[in-house]
Amino acid sequence: MEPLAIADKLKKKFPDDVLDIVEARKQVGVILRRDHIVEICGWLHDDPDLLFDHLLGLCGVDYRPKGRGFEVVYNLYSIHNRHMIRLRADIPEDECWLDSVIPVWRGADWHERECYDLLGIEFRGHPDLRRILLPEDWQGHPLRKDYPLSPTKKTEWQGYEELKELSKALRVHGFQQESSNSKTAQHLVKEAGNGGT
Amino acid sequence: MAALEQRSMEIPIPAQEKELFALKMGPQHPATHGVLRLDLFLDGETIAICKPDVGYLHRGFEKIAENKSYAQFLPITDRLDYIGAMANNVGYCHAVETLLNIEVPERANYIRTIVAEMSRISGHLLWLATHALDIGAMTVFLYCFREREILLDLFEELCGARLTTSYTRLGGVRQDVSALFMDNLTKFTDDFPTKIADYETLIDTNRIWLKRTQNIGVISGKQAVQLGFTGPTLRGSGVDYDVRKHRPYCVYDRLDFQVPLGRKGDIYDRYLCRMEEFRQSVAIIKQCLEQLPPGPIVNDDAPDLIMPITPQRKVAADSIGSSGIIQLMEDRNIYMEGDVYVSTEAPKGELGFYFVSDGEGRPYRMHIRSPSFIHIGGIPAICEGEMVADVIACIGSLDVVLGECDR
Amino acid sequence: MAEINFTKLLVHLVVLVDVVLLHVAYATYFERKVIGHMQMRMGPTRVGPMGLLQPIADGIKLFFKEDIIPAAADRPLFYAAPIICLVAMLSCLAVLPFDPNHVLADLNIGLIFIFAMSSLASYGVVLAGWASNSKYSFLGGMRSMSQVISYEIAMGLSLVGVMMMTGSLNLGQIVAAQAASPFGIYAIPQFIGFFVFVVSMLAETNRVPFDLPEAETELVAGYCTEYSGIRFSLFFMAEYIGMIVMASIGTICFLGGWNGPFTVPYVPFFWFLLKIYAIMFFFFWVRATLPRYRYDQLMDLGWKFLIPLALANILLTGLMKTVLE
Amino acid sequence: MIVKHKKKRNLLETIFLVEILKGMGLTLRRMFSKPVTCQYPTEKRQPSLGFRGKHALVRNPHTQGSKCVACLRCVTICPSQCISIRFHQDEENGPRLLDSYEIEALRCIYCGYCAEVCPVNAILLTESYEYSSYDRQSIFFDQEKLLANWDEFMDQGNHNPHTYVNPFWRPRGCDIKGLAAPRRKAVPEEWTREGQIVGRKHKAAASPAPPEQGAKQ
């Protein structure tokens, strides 16, 4: 099926849940209300015309700088019917949770843990929701846009402090020295655009 | 939020685990292929519970990508699956080109197909080497490295690096193929089938090998799809899913090749699938060498390496003398808002990139769908109920690379 | 009781141990070279001409390396384990007849003595696994115990055929009886026994494809994971002496001992050594070729295949003997 | 395509261990073939042209200094931000004068982007790969060291500093018109678009007059 047709079918079935349908580069994304995500996914998985049996990926996006909350993106593919659709569940900023889709795709387990780890989105009904890539005592969620690129002393992971002390002794050849009359490249780069947020 | 933090700290241990023999395998262990850690709970030598633990090689690639331009992130993709860096380069560039709507010249596409298949062969060679070594057949290890060396030399001839290739560029490839490269590659494709015969003589029908691999680590096709497996791991279970056939990229739709499928989904089937992929890859390379057309290797309109990250920073960038390129970008309006998911068939499975762009020269959010991450997530489903020695064989048959898993 | 000449005995002892230890050292060199060339690489080349001094360098390195003892280890047992292993293996050497005149202790129950001693060596392994207080070591020790016990039986039974044909347990007499037999070696009439012996020989010495107690890719290094320096080298020596002892038994019981197609002047043990070297080469050759069995498959092979086969061999030998007489 | 399983071995093959003996035969045969080892410190492998190794700054034959014009492109592009340049300008629109050029090679990821974006071919990654050291100071390259690296590279490989072309300055198969003026050095014909190597299918279609050397047979 064509992706747009799938999106229409989805809208017909769940008219209240579909907020928007967007298309970019021939790929269709359906923006959903988060409340019935498991039902919707279950229907997409089981409907004989659609049969979205393969969860390609699940990831979260932090849209807060754009004035929205978070989003959890499901990229779905049907191996049998060879079509693709993207679901984007809208999550408000203050209630950062979503229902787990593990009952539909077992492979969602680790994806959801990763999403929780890096973006702090809680997946309700997940059997073993804990950090996966970062250490268990890590604070904060690095893929949030407000997570500092170079942390201050306060926000830093405790274990990192010792490591830094250790590496200071080794970093005697760094770029610390500044001379007064010459502009440093690092400065210029920061202005010109490598620095990031 | 506080409750959330609290929750992350405690690791649930079911009651029955306390009576079992806990064995922490890895992250420093000869057979965990890097820094994978497995918390095994043994009942005798049988695995009762298996919990993989990853993250020892986490380098925050997704965060890095948000702060680098599309071109700047390319060398970092080498470090994803460092066994088949070329395939990552091709996959990444294909994804960015889809996002930015950049055409790729015909010749570049052929060269990309060649290098992607070469990296598939070299990746599978390393898989076979380590898989055989895990099961104890150490001679296969060195025979495989003998051939891998030739491929790495070819990569060096092509792009100046053996492992971290950074070969593709947005809209093409960096360098054209040389005569030496073509000759050596042709020779390699001619010789390689006899080398495969070497490996097969040693292990293919060996009764010990069969005993260690057949009917072990079985995973049905349905289960494998449920778990999100891709690549040879999925095809070993008999599910016909190959990105090269389903959503062709480069020139795969013009080439004649077959996708090997297994029957049962045990370790031996996965082994046979990869062995057949060797032959198919050689066939693909041969066809590409045959059909390699003349023409440019890079799209002249493609963004330069120094692509500005944001339009606002244009002024600052102007002062360092790259205004012409910025003008080009703005004229052609190649920065778009929206999101795409594009995937390619890397040696390990489906390597997908999900980009969210907000019109800047860097991704607003990039998610890497790495096959190893998902395959490691499926290890418990495969291993539980098998024996300690089989865990090693199962990990080997999944062909995981931790650089890609942890990103 | 004959008077024992202590000086002669001592000289014999020292020479024997020295020669065997030198053989152990060069067995490692030989192994690395053979496997190296089988894998299309060179093996050791750096120390000395063609790497000939490599084993010496290794020995010195191991000797001076720091001896690390885990904090939680059971110290007395941890110290004792490698010594038990080595002593047990070394004492096997006493009863081996290298040629008619060179045997340290000409025991009437030589074969049984060797079995006893090589089983004793497995105590060392089990103790090492237990005393290290490490899980990999523990698993390695357990595996070793069950493996040695099961294969000891298979090996013993495979040699019963030889005993029946000879009517003696004295190793010297076995060789002498073999020389008098129609084929000159027992490997031909006792081919089933020989096959069982070869397989259980590999298992008994923990060699590939039965190297489960120290299966590198599963148990890191099995029972000797926590050992380092000189203690590790004791285990290492014990393993190689074990190989030499097993090769000697094979030579004595199946391949005709010191007898050869012709006698070599001045070197009475020429054929004996040659046969031992051949069997050692076989050890390395198998290591370069075969994958490793799984633990339970190994047990299956031992109990369900080799032991019945050995029993059948005994039956067959008995029948043949009755018929022929 | 379902993969073919090998024929199950029959009773005879099981008894006589045929497949094991075949494997052992193979290893025995290989024992007498030539090892593939490269005995590294004694026999060195020749890195291919354009190998990305030790960094160097090209020495300008006229001024004996570096060619760098302090455009900062390499600093901007470097993904690991290991290049640091300091410069000053005497007057408002005058040329930039380089004060220092430093590369922290321990941070470098050897992508070759710096050499690729340099408009004047000032920096390159040379083909020498033996520069490991016991201290960090000697792998931290400042301008003098980088220039010395260039001299060393020119001596080692017997290259001519005037004609040397690195594939990262002037990639094979790229159109010359897209390149900056200093990059338009003369290159072997194989590098230009005209001498491009094509597959047999296209070779046959093209005019058969000039026999292309080294193309696929």
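Let us start on helix α2 of chain C, where the face turned away from the buried side carries C:Phe63 and C:Phe64, both exposed (exposed is over 50% relative accessible area, buried under 20%, with a 1.4 Å probe and protein chains only). This is a predicted model, in which local features need pLDDT of at least 70, side-chain atom pairs count only at pLDDT 80 or more, and totals for chains, interfaces and linings use all residues. Residues are numbered from 1 along each chain as its sequence is written, and side-chain values use heavy atoms, without hydrogens and water.

The helix spans residues 54–64, and its buried residues are C:Gln54, C:Pro55 and C:Leu62. They lie on the same side of α2(C) because they cover an arc of only 95° around the axis, taken from the directions from the helix axis to the C-beta atoms. These buried residues pack against α1 and α9 (229–254) of chain C.

Now follow chain C to its neighbor. Its contact with chain B takes 27 residues from chain C and 34 residues from chain B, contact meaning heavy atoms within 4.5 Å.

One salt bridge joins the two chains: C:Arg294 pairs with B:Asp390, with the closest N and O atoms 2.7 Å apart (a salt bridge is a side-chain nitrogen of Lys or Arg within 4 Å of a carboxyl oxygen of Asp or Glu). On the side of chain C that touches chain B, α1 (6–38), α5 (135–166), α8 (216–219), α10 (270–289) and α11 (295–324) each give two or more residues. The largest share there, five residues, comes from α5(C).

Note on methods:
Chains lettered and ligands numbered in written order. Helix = DSSP H or I, 4+ residues; strand = E, 2+ residues; numbered from the N terminus.
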